[in-house]
Amino acid sequence: MNRTEKLRHKIESTFAPVSCQIEDESALHAGHAGAASGGGHYKIHIVSAQFEGLNRLSRHRLVYDAVGDMMHAEIHALAITAVAPSEIPQ
């Protein structure tokens, strides 16, 4: 399982998201000091009922808790957009 698949598995098993988009932006950061360690750069957009009623900081903490074992080894940078289904325009 590659890093993106592993990240998706952790997010999906933790949050049962309505939607989960993951972009590997590692190639955009080639030559960056963090990239030298082998850690990837990712952008994720998650829609999950588990984020209902939580502020942005609490949502990000939940995501970091879910992928914590990947941080600083497999992931160097993680841009997070985490929203509740009620926040999606109909």
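The following dialogue concerns helix H3 and the sheet of a predicted model.

Guide: Local features need pLDDT of at least 70 and side-chain atom pairs pLDDT 80 or more, whereas totals for chains, interfaces and linings use all residues. Residues are numbered from 1 along each chain as its sequence is written, and side-chain values use heavy atoms, with hydrogens and water left out.

Visitor: How do you know that the span of helix H3 agrees with its 12 residues?

Guide: The expected span is 1.5 Å times one less than the number of residues. For residues 56-67 that gives 16 Å, and the end C-alpha atoms are 17 Å apart, which agrees. Helices here are DSSP runs of H or I, at least four residues, and strands are runs of E, at least two, numbered from the N terminus.

Visitor: Which residues of H3 are called buried?

Guide: Buried means under 20% relative accessible area, exposed over 50%, and partly exposed in between (1.4 Å probe, protein chains only). Arg-59, His-60, Val-63, Ala-66 and Val-67 are the buried residues of H3. Seen down the axis, they fall within an arc of 120 degrees, so they line one face of the helix; the arc is taken from the directions from the helix axis to the C-beta atoms. The face turned away from the buried side carries the exposed Arg-61 and Asp-65.

Visitor: What makes S1 and S3 edge strands?

Guide: Two strands pair if DSSP finds at least two bridges between them. The open sheet has the order S1-S2-S3, with mixed pairing, and S1 (19-24) and S3 each pair on one side only. S1 and S2 pair in the antiparallel sense over six bridges.
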